[in-house]
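User: I should like to understand how the chains of this model are arranged and how they meet. Please take me through it step by step.

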Amino acid sequence: MRIGLFATCLGDTLFPDAVRSTAVLLTRLGHEVVFPPGQTCCGQMHINTGYQREPVPLVRNFAEQFGDGSIEAIVMPSGSCAGSVRHQHAIVADRYGDAALRAGVATVAAKTYELSELLVDVLGVTGVGAYFPHRVTYHPTCHSLRMLRVGDKPLRLLRAVDSIDLVELPGADSCCGFGGTFALKNAETSTAMLHDKLDGIAATGAEVCTAGDSSCLMHIGGGLSRIRSGTRTLHLARILAATRTTPDALTEAAA
Amino acid sequence: MSTFLGMPARPPRSPYGTGNLRGDEPFPRAAHRELGNGQLRRNLGKATTTIRTKRLNVTGELPDWEALRDAGSAIKTDAMNRLPELLEQLERKVTEHGGTVHWARDGAEANEIVARLVKATGSSEVIKVKSMATQEIGLNEHLESVGITPYETDLAELIVQLAHDKPSHILVPAIHRNRDEIRQIFLDRIPGVDPELDNVPAHLAAAARAYLREKFMATKVAVSGANFGVAETGTLSVVESEGNGRMCLTLPDTLITVMGIEKVLPRYQDLEVFLQLLPRSSTGERMNPYTSLWTGVTPDDGPQDFHLVLLDNGRTAALADAVGRAALNCIRCSACLNVCPVYERTGGHAYGSTYPGPIGAVLTPQLAGMHAADDDPNSSLPYASSLCGACFDACPVKIDIPSLLVELRHQNTEQSGTTPEKLAMRAAAAVMKRPALYTGAQKAAGLGRLVAGRDRTISRLPPPFAGWSDSRDTEAPPRQTFRAWFASDEGRAALRAAADEHDGSHAEHDPGDGRHDPGDEGHDHSHGEGEKK
Amino acid sequence: MTDARDTVLGRIRAALALAPTPATVVPRRYRTGRVLPDGERLALFTDRLLDYKAEVRPCTADRTAQVVADVLRDHGARRIGVPAGLDPRWLDAYDGDVSPDAADIPAPRLDALDAVVTASAAGCAETGTIFLDGSPDQGRRALSLVPDLHLCVVDLSSVEAGVPEVLARLVPERPTTLISGPSATSDIELERVEGVHGPRTLVVVIRKDV
């Protein structure tokens, strides 16, 4: 399958390892990964902060970059960006766009997937040949869980990983407190939520806390780093892309 | 009846400076104070955890829960679409059955109507059933100002009233108080209470029973709200637990019910939906202990003088917004408060309004506006959410609260003029829409490495990021962006190696090429379809 | 007053004109018209009532008077109130003081009663709810509210499976009270406590063959 990879602005700039792993994983599974070079940002931060005029060019750019009919599916290693493309771009296009934009948005929204959805629903795989000999706990990010409804797909993928020690996260469904600009505008409430999430992670004794969204992981990881926790964060794609022959840097370091 | 020439006039919000629909400080500042109260955090954490489990148990046992939510949502939407005819029908039916219907444009008018009706009975006291509408309009304060003493009879409202406190929850207004605090309030404020009173909830409830018994027997006028008003039959309904509602609705000579105009239901049959949705969502019970249904006046049974006050107070302003209007579908169950991670930490007082929590954050700004004064605290409410979506899943009438919050944030930025934030957002979008500028900006972001410590983390950031860096480290940006790697020799080699791995394993099995129809499962499930599990 | 009415209705019409939405069809795909065998309805109804901490006494019609007398004796009820239309045979075995209710009896006098005995209009098994509708054998609302013990006789044939089924039996214009267990509150730490202002004890006598 010809798959368009949307790196997301955060993934491209700050967390390229997760995007790299996504590209490697899909290629290893026999698919052609294309990266439209004109891509930038989906505009989620703008929309969630209350700005709908400003991201119109971003919404248009996304539709143009990925509208190509030869791209059969669009994947992004971010539940919240996939949620924005699927649910919010239409709102912006309806309000401030023209008929062409509305049509373009509908086209890309219909073939947009978060990574675990693409793997399980579209490509029909749960065992991706990964090897990850570590204790891992999974945080289901809010937009994956409640906007995209990915359900247990990430967990099915993780359970199929060779040598993984997967432990349940207490209070997994609770928000980590990120919420984009919420973490800035209501930093103290966000911190209170974060601390409860960190307590849950600590209770698992996991070496790694994983999730399908680099933004939430940035938040959780920032908290773990501040309290000098022994747990680190790693995007789901990095675990799924780790194999015996090409282990993740974390595994290499431990070996 | 007015007729329109051209564009109809936009209905007004609840008048500024009246009632209880606005706090005196923005949410983050109020939250700061509440977050510092450890006792409050423990009380709320315990209570919300208890109620969440109960709710999931009783909603999970109904196989048609989702169908009930669909019906509940559609009934309310239908009622909003047909509001004029339904209210006129309700008025006609109530009048036919011996009641009197009054209309109030705002809270002050409703307060005056109630005070006038009470005075006409000659009574200087009223007993009250817990009611959000009368809390919203500040009825108690108004009655006191004209020499009428209101007695709250719901246990939690009594606790709040005795402590000169404010409610902090729609269903359980004293949720911020624990048993020890309540015991102390009773010891301090209930005349003649047993000084040996302990903190056992059953004993505290018994003390309230003894205190209020005499009021129920002697007071001639009661004031209530209404959960539902059925247009088809003129039937009103109060859903409650303690029996204080039955007392107030039954024993006095005069009953005055204040009902928001959005509480009307088209058909009596519609109760079959809401009497399943409401108790299971609010207290996590299969049915609440008592529900009263009454239609006007019944000879020889209950109050012989019945008044219904229909209240606008900004509801029509909310109705004029095609998106925001959905907030009027709320049946005040409080399930969204109980699952909200923000409410759980800050409590209800931080919202400054009678309506706290997620539904309050979308309802309050619509009823009272967000820009009625400089730095209107209500403009901070739509941001008091991480948009986690737990409220939407819990809502029995499927109000998409996260989408409403995003919509109100948009309305706020549209009404706010040019702010530094807007300029920053514009600048960010201007950069991001041009790939060349964008890659330049990525290089600049890479400079963040310079301020990072030896462990590649940044522990201190300037405003507006200072709140972030108070409790979170930030990783220094990596040396290479993804797009640079993808275009590099290293990236090409890595992907070629990955492709070779596939070709190598291809001979024996094919893990990756099994294509499925993308539409068959899972894609684009709309938000709020139901509970997990 | 008329002015406020016209103003509010005018605002509503203006709001609907400013933001018109298409007409809505209500999907009623939830369960309706359910019929359960007697045994299942009895078991479900009983289970729910016990969950609310109500007392349940199943019996046959010919034992009504004996069971009523037993319950009242067990609870030490010496003075009881009854609605004027209650079947007098239900009290044949009771030796205490019986006061038939009348509209002019003030509430404080009801407070002096130990118990009240009423019939019922209907029941709902799935939620453990009893419906009173003010019929002569159930009386005015104050009567079943003020005394601290409510003994309610429910005929199994009047107990429906679920909420839609039972609401269809009601006459909307009658003053109707839904009772699900004794009075309760969850106002202190969201923990349910039985017994506040309404009757603190609810005894349900279910007549299985009526």
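Analyst: The questions and answers below concern a predicted model.

User: How many residues of chain C are in contact with chain B?

Analyst: Two residues count as being in contact if their C-beta atoms, placed from the backbone, lie within 7 Å. By that criterion, chain C meets 83 residues of chain B, and the number of chain C residues taking part is 65.

User: Which element of chain C gives the largest share of the side that touches chain B?

Analyst: Several elements of chain C each supply at least two residues of this side: helix H1 (2–18), helix H4 (107–110), helix H5 (163–167), strand S9 (176–179) and strand S10 (184–185). The largest share amounts to 15 residues, and it comes from H1(C).

User: How many residues on the side of chain C that touches chain B are nonpolar?

Analyst: The residues of this side fall into three classes. Of these, 15 are charged and 18 are polar, while the nonpolar residues number 32.

User: Which residue of chain C stands opposite B:Thr291?

Analyst: Strand S9 of chain B, residues 290–295, pairs with S9(C) in the antiparallel sense, over four bridges. Within S9(C), the residue that stands opposite B:Thr291 is C:Leu178.

User: How far apart are the C-alpha centres of the two domains of chain B?

Analyst: Chain B is divided into domain 1, covering 62–317, and domain 2, covering 424–502. Between the C-alpha centres of domain 1 and domain 2 of chain B, the distance is 56 Å.

User: How many residues of the side of chain A that touches chain B are charged?

Analyst: The contact between these two chains takes 74 residues from chain A and 73 residues from chain B. On the chain A side, 33 residues are nonpolar and 27 are polar, and the charged residues number 14.

User: Are H11(A) and H1(B) roughly parallel, roughly perpendicular or oblique to each other?

Analyst: Helix H11 of chain A (residues 187–204) packs against helix H1 of chain B (residues 27–35), with the axes 8 Å apart and an angle of about 40° between them. Angles under 35 degrees count as roughly parallel, and those from 65 to 115 as roughly perpendicular. The angle therefore makes H11(A), with respect to H1(B), oblique.

User: Which residues of H1(B) make the contact with H11(A)?

Analyst: The residues of this contact divide into three nonpolar, two polar and one charged. H11(A) contributes A:Glu188, A:Thr189 and A:Ala192, and H1(B) contributes B:Ala31, B:His32 and B:Leu35.

User: What is the distance between the end C-alpha atoms of residues 136–220 of chain A?

Analyst: An unreviewed UniProt entry places the feature "domain: Cysteine-rich" at residues 4–85 and 136–220 of chain A. Residues 4–85 are 51% helix and 11% strand. Residues 136–220 are 49% helix and 12% strand, and their end C-alpha atoms lie apart by 14 Å.

User: Which are the edge strands of the open sheet in chain C?

Analyst: This open sheet has six strands with parallel pairing, in the order S1-S12-S7-S4-S2-S3. An edge strand pairs on one side only, and the strands that do so are S1 (55–59) and S3 (97–100) of chain C.

User: Which residue in S12(C) stands opposite C:Arg57?

Analyst: S1(C) pairs with strand S12 of chain C, residues 201–207, in the parallel sense over five bridges. Opposite C:Arg57 in S12(C) stands C:Val205.

User: At about what angle to S1(C) does helix H2 of chain C run?

Analyst: Helix H2 of chain C comprises residues 38–51 and lies across S1 and S12 of that chain. Its direction relative to S1(C) is given by an angle of about 155°.

Terms used: Residues are numbered from 1 along each chain as its sequence is written. Chains are lettered from A and ligands numbered from 1 in the order in which they are written. This is a predicted model: local features need pLDDT of at least 70, side-chain atom pairs count only at pLDDT 80 or more; totals for chains, interfaces and linings use all residues. Ala, Val, Leu, Ile, Met, Phe, Trp, Tyr, Cys and Pro count as nonpolar, Asp, Glu, Lys and Arg as charged, and the others, Gly among them, as polar. Two strands pair if DSSP finds at least two bridges between them. Domain bounds come from an automatic or database domain assignment. UniProt positions are given in the numbering used here, feature names are shortened, and annotations may be inferred rather than shown by experiment. Axes are lines fitted to C-alpha atoms, for helices over the stretch in contact, and angles run from 0 to 180 degrees between N-to-C directions. Angles under 35 degrees count as roughly parallel, over 145 as roughly antiparallel, 65 to 115 as roughly perpendicular and the rest as oblique.
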